[in-house]
Amino acid sequence: MGRPERDADYRVTHRSLDGVRVRLAGPHDLDRPCTSVARIADRGRLHEISSGTRADALSWADDIGVERFDEEFRIQDGRLRVGRTETRDPDTGQREPVLAAVWEGRRHAVFTHLYHARPADAVAFFGTLRLTEHDDGIVAVPRGRARRPDPAELVKEVPGLGLLEITALTTGTRRRLPPWRGASVAGGELFRDTVEGQGPYFLLALKALLVTVLPEEDRVRDVPRRLAGLAVEAVR
């Protein structure tokens, strides 16, 4: 979520949508942007929201087929822009209208899509969130009857290692760990598992964080060694 400045120690800090701040440090290329994903339950519906830079939001809108933003609203010290597109079921050919909604702050943005929705529905949904922008990301706190059923995730690509998905280690996220003991590493345990048809992946259980590593296809053997040189920690 944002492209942070990197200091001489190769250290970056990102903030997830639920407010968890994660610092990464080590001899890796840590300059890639980071996004955050969270789920918000509201009125019997589950919405997925994402955050990143404003450029990330515009790229997402383009990817789902939004040609232009039709309307704009001033909300919570930022602007909410909405545009229209549609999805097509590849099996039935059925099309569904989709409303893309992007809240833009100074540097960062929060974006989501709503099916069969009007601009007023997007305004109402963003009204269920209290958005606070920081230099290292945006925090979205549910309010009213809305709630977040599980922790948010940070998603970051680290070249030579793979895609990292980082979330808080809680009773719920701990259930993702395999039933066997992992290998002891600095700060926690490292597990390797396999998803049928998708290949191997790694789970790094730390004191306060759970890191899922989806390795680059030709770097699977190098992951334990390269992870040993990457410090991941929750910071205030």
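This report looks at how the two domains of one chain meet.

The model is predicted. Its chain is split into domain 1, covering 10–35 + 151–235, and domain 2, covering 38–139. Domain 1 is thus listed as two stretches of sequence, and domain 2 as one. The C-alpha centres of domain 1 and domain 2 are 27 Å apart.

**The interface in numbers**

| Item, domain 1 to domain 2 | Value |
|---|---|
| Residues of domain 1 in contact | 12 residues |
| Residues of domain 2 in contact | 12 residues |
| Buried area | about 870 Å² |
| Share of buried area from carbon and sulfur atoms | 57% |

Which residues of domain 1 lose the most area to domain 2? They are Arg15, Leu17 and Thr35. Together these three account for 72% of what the domain 1 side buries.

**Charged and polar links**

There are 2 salt bridges between domain 1 and domain 2. Arginine 21 also appears in a salt bridge, and its partner is aspartate 136. The closest N and O atoms of arginine 21 and aspartate 136 are 2.8 Å apart. Polar contacts cross the interface too: 2 residue pairs are found, both at pLDDT 80 or more.

**The domain 1 side**

Two strands each supply at least two residues to the side of domain 1 that touches domain 2: β1 (11–15) and β3 (34–42). β1 gives the most, with 3 residues. What classes of residue make up this side of domain 1? It has 4 nonpolar, 5 polar and 3 charged residues.

Conventions: Residues numbered from 1 in each chain as written. Predicted model: local features only at pLDDT ≥ 70, side-chain atom pairs only at ≥ 80, totals over all residues. Heavy atoms only, no water. Domains from an automatic or database assignment. Contact = heavy atoms within 4.5 Å. Buried area = accessible area lost by both parts, 1.4 Å probe. Salt bridge = Lys/Arg side-chain N within 4 Å of Asp/Glu carboxyl O. Polar contact = N/O pair within 3.5 Å; in protein donor to acceptor, adjacent residues only side chain to side chain. Helix = DSSP H or I, 4+ residues; strand = E, 2+ residues; numbered from the N terminus. Nonpolar A, V, L, I, M, F, W, Y, C, P; charged D, E, K, R; others polar.
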